[in-house]
Amino acid sequence: MARLLLLTDDLAPSAEVLPALGLLGHQVRTLPAEPSFAAVAATDVDVILVDARRELARARSLCQVLRTAGTISPVLAILTEGGLIAVNAEWAVDDILLDRAGPAEVEARLRLSMTRVATPEAEEERIIAGDLTIDESSYSARLGTRLLDLTYKEFELLKHLAQHPGRVFTRAQLLQEVWGYDYYGGTRTVDVHVRRLRAKLGSEHEQLIGTIRNVGYHFVAARDDDSHDATVE
């Protein structure tokens, strides 16, 4: 039996938020969908369920707060089918559940999410460079406790560079390896995304993405003040 925390403003029982819960034998604790409640109550549960059926923006913000607060338990968002269009990496959730999912599917997703957290491989999905932590499993990146508000491609670009610290990639290589062979845009796309990434990293960390003049970009694990080739443009 798993210990579940359901964060919802719905006054109805948990089995009406996610009907399949009424047919499963898990222990469900329900609290208002407020960050102050979530941060305290999330310390001793197996899975956190966030009701995202209606107020998508608020639910997204709550999921981000849980992640930046260092929550270890997996976070699953409960959505309607129409709400799926709004979900992206910025939600920082481990998985999603449709509100009408059957008991077998809900049980499987709960089991898989708890297993992923419990295995050593979960740590291997994180890239840590100083204050920067990139979590591939949740498609999220943080600087300390600050969650970076990245688009999918910005995340993929940052992750790709961080996976190869010090290696210099030309713009053409990045287009091929991050955007894919079927992308027909120009290399200017890379420059635009790098500029946006640096802005989101902030002035104290923008140097993590270095420029090699007339060549391309690389990830700088630690700032080298003696380097004259790496610059931030």
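## A walk from strand β4 to helix α7

Leu-49 stands opposite Leu-76 in β4. That pair is a good place to start in this predicted model, and a little context helps before going further. The secondary structure of the protein chain amounts to eight helices and 13 strands. Of its 233 residues, 45% are buried. Taking contacts between residues at least 6 apart in sequence, 56% join residues that are at least 24 apart.

Let's return to β4 and look at its two partners. Strand β3, residues 47–51, is joined to β4 by four bridges, and the two run parallel. Strand β5 is also linked to β4 through four bridges, again in parallel. Leu-76 takes part here as well, since its bridge partner in β5 is Asp-95. As a general reminder, strands of a sheet pair through backbone hydrogen bonds, in either a parallel or an antiparallel way.

How enclosed is β4 by the rest of the structure? Five of its five residues are buried, so the strand is largely enclosed. Turn the model and you will find both faces covered: Val-75, Ala-77 and Leu-79 lie on one side, Leu-76 and Ile-78 on the other, and all are buried.

From β4 (75–79), follow the chain into the loop that leads to β5 (95–98), where Glu-90 is found. Glu-81 has its place in the loop between β4 and β5 too. Is each of these glutamates buried or exposed? Glu-81 has 63% relative accessibility and therefore counts as exposed, the cut-off being over 50%. Its C-alpha lies 8.9 Å from that of Arg-53, a residue 28 positions away in sequence. Glu-90, by contrast, has 14% relative accessibility, so it counts as buried, for which the limit is under 20%.

What does Glu-90 touch, leaving aside its neighbours within four places in sequence? Its contacts are Arg-60, Gln-64, Leu-147, Asp-149, Leu-150 and Thr-151. The C-alpha of Glu-90 is also 7.9 Å from that of Tyr-152, although 62 residues separate the two along the chain.

Leu-147, one of those contacts, takes us to another sheet. Here four strands form an open sheet in the order β6-β7-β8-β9, with antiparallel pairing. The edges belong to β6 (126–129) and β9 (146–147); each has a single partner strand, so one side of each is left without a neighbour in the sheet. Strand β8, residues 140–143, is joined to β9 by two bridges, and these strands run antiparallel. Within that pair, Arg-142 stands opposite Leu-147 in β9. Helix α6, residues 152–162, packs on this sheet, touching β6, β7 (132–135) and β8, and its direction makes about 110° with that of β7.

The last stop is where α6 meets helix α7, residues 171–179. Their axes come within 10 Å and cross at roughly 115°. Because angles from 65 to 115 degrees count as roughly perpendicular, α6 is described that way relative to α7. The crossing of α6 and α7 is right-handed. On the α6 side, Lys-153, Glu-156, Leu-157, His-160 and Leu-161 take part, meeting Leu-174, Glu-177, Val-178 and Trp-179 of α7. Sorted by class, the contact between α6 and α7 has five nonpolar, one polar and three charged residues.

Definitions and conventions. Residues numbered from 1 in each chain as written. Predicted model: local features only at pLDDT ≥ 70, side-chain atom pairs only at ≥ 80, totals over all residues. Heavy atoms only, no water. Buried < 20%, exposed > 50% of the residue type's maximum accessible area, 1.4 Å probe, protein only. Contact = heavy atoms within 4.5 Å. Pairing = 2+ DSSP bridges. Axes fitted to C-alpha atoms, helices over the stretch in contact; angles between N-to-C directions. Parallel < 35°, antiparallel > 145°, perpendicular 65-115°, else oblique. Left-handed = near helix turned anticlockwise from the far one by under 90°. Nonpolar A, V, L, I, M, F, W, Y, C, P; charged D, E, K, R; others polar.
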